[in-house]
Amino acid sequence: MRSPAASSGQPRTPGPAGPRGPRLHGSRRHHLGQSFQDGGEHYHRVRPGYPADSVDWLVPPGARSAADVGAGTGKFTALLVERGLEVAAVDPSTDMLEQLRRAYPHVSALEGTAEATGLTDSAFDVVSVAQAWHWCEPLAASREIARILRPHGVLGLIWNQLDTSLPWVHRLSRIMHAGDVHKPGFRPTIGPEFEGLESHVTLWEDSLTPEDIMELTKSRSYYLRANDATRAKVMGNLEWYLLDHLGHAPGETIGLPYMTQTWRAVKIQGATPR
């Protein structure tokens, strides 16, 4: 799978978003989040990375250190490392962090959550949470992130999502049960420790085969928590849609359109956790 940082997809004009994003209460969030505790190798192999444009926009000039919270296997961590930042990675999954440590042995990686990172007070210029804020309790996580950020430090929230403004991708997302596609007007919830929330959109394509898309679907929380009958139905529907309906051949390269939303907010001067 090609890294999107090297993607050469043509710029596209964003259209209206597709299905609504997840609205998860605490118990449901915890239940679904447990599906990612294992399977780090598969996740790292099939999930897309992030466009370099995202981190270029997020990280302010002069930043030297970053914490990547909910880092998983290090998909966004990679971009922070490439910028020369001193990076600490935090994730609740031992399996995910094993993949990250193998790929980035110089990154400090420890088990923790956005609500309890275990990191030092006022130690970082940037804290990123990529593809994970919807698993967090946003107000508790905001307090914790404000604690570890230096004055005027930046909180970054990043989501990769399929570009469902394209009808064929919209239908694909429904078959995949890609529940992390945000509704129009989406705005993440953050705590009062931050101000100036603004967003940036990057449109890009990942190069995948039909088989890759099927493997990508297997990394989704819906599939991971489903029974065997539901999994077989999802795979059958995908095979029909990609091969029969859209007419792609096995092994053919498909440009899968993505939209990466990057949000940033600045820690308010004097803000301290309550």
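# Strand pairing, ring pairs and salt bridges in a predicted model

In this predicted model, strands E5 and E7 run antiparallel to each other and pair over nine bridges.

Reader: Which residue is the bridge partner of leucine 155 in E7?
Author: E5 covers residues 149–162, and E7 covers residues 254–267. The two strands pair in the antiparallel sense. Within E7, leucine 155 has as its bridge partner alanine 265.

Reader: Over how many bridges do E6 and E7 pair, and in which sense?
Author: E6 takes in residues 194–208. One bridge joins phenylalanine 194 to lysine 267 of E7. Pairing between E6 and E7 is antiparallel, and the number of bridges is 13.

Reader: How many of the residues of E7 are buried?
Author: A residue counts as buried under 20% relative accessible area. Tryptophan 263, which lies in E7, has 5% and is buried. Arginine 264, also in E7, has 23% and is partly exposed. E7 is mostly covered, and its buried residues number 11 of 14.

Reader: How many aromatic pairs are there, and which kind is the pair of tryptophan 159 and phenylalanine 186?
Author: The count of aromatic pairs is five. In the pair of tryptophan 159 and phenylalanine 186, the ring centres are 5.2 Å apart and the planes stand at 85°. Planes over 60 degrees apart are classed as edge-to-face, so this pair is edge-to-face.

Reader: How many residues apart in sequence are the parts that tryptophan 159 and phenylalanine 186 tie together?
Author: Tryptophan 159 belongs to strand E5, while phenylalanine 186 sits in the loop between helix H7 (167–176) and strand E6. The pair therefore ties together parts of the chain whose separation in sequence is 27 residues.

Reader: Is tryptophan 159 buried or exposed, and what of phenylalanine 186?
Author: The limit for buried is under 20% relative accessible area. Tryptophan 159, at 2%, is buried. Phenylalanine 186, at 23%, is partly exposed.

Reader: What kind of aromatic pair do phenylalanine 186 and tryptophan 263 form?
Author: Their ring centres are 6.2 Å apart, with 80° between the planes. The pair links distant parts of the chain, the loop between H7 and E6 and strand E7, 77 residues apart. By the angle of its planes the pair is edge-to-face.

Reader: Which residues do the ring pairs link into a cluster?
Author: Phenylalanine 186 pairs with tryptophan 159 and with tryptophan 263. The cluster linked by these ring pairs consists of Trp159, Phe186 and Trp263.

Reader: Over the face of which residue does arginine 264 lie, and at what distance from the ring centre?
Author: Arginine 264 is a residue of strand E7, and its relative accessibility of 23% makes it partly exposed. The ring it lies over is that of tryptophan 57, and the distance from the ring centre is 3.8 Å.

Reader: Which side chain meets that of arginine 264 in a salt bridge?
Author: The partner is partly exposed, with a relative accessible area of 36%. Arginine 264 lies in E7 and its partner in E6, so the pair ties together parts 66 residues apart in sequence. The N to O distance is 2.8 Å, and the partner is glutamate 198.

Reader: Which salt bridge partner does arginine 147 have about one helical turn away in helix H6?
Author: H6 spans residues 138–148, and the two residues are three apart within it. The closest N and O atoms of the bridge are 2.7 Å apart. The partner has 11% relative accessibility and counts as buried; its name is glutamate 144.

Reader: Which residues do salt bridges that share partners join into one network, and what is the distance between glutamate 215 and lysine 218?
Author: Glutamate 215 is partly exposed at 21% relative accessibility, as is lysine 218 at 27%. Their side chains meet in a salt bridge with an N to O distance of 3.0 Å. The network joined through shared partners is made up of Asp121, Glu144 and Arg147.

Reader: What percentage of contacts between residues at least 6 apart in sequence join residues at least 24 apart?
Author: The chain has 274 residues, of which 51% are buried. Its secondary structure consists of 10 helices and seven strands. Of the contacts in question, the share joining residues at least 24 apart is 78%.

Technical notes. Residues numbered from 1 in each chain as written. Predicted model: local features only at pLDDT ≥ 70, side-chain atom pairs only at ≥ 80, totals over all residues. Heavy atoms only, no water. Helix = DSSP H or I, 4+ residues; strand = E, 2+ residues; numbered from the N terminus. Buried < 20%, exposed > 50% of the residue type's maximum accessible area, 1.4 Å probe, protein only. Contact = heavy atoms within 4.5 Å. Phe/Tyr/Trp six-rings, centres within 6.5 Å; stacked < 30°, edge-to-face > 60°. Lys NZ or Arg CZ within 6 Å of the ring centre and 35° of its normal. Salt bridge = Lys/Arg side-chain N within 4 Å of Asp/Glu carboxyl O. Pairing = 2+ DSSP bridges.
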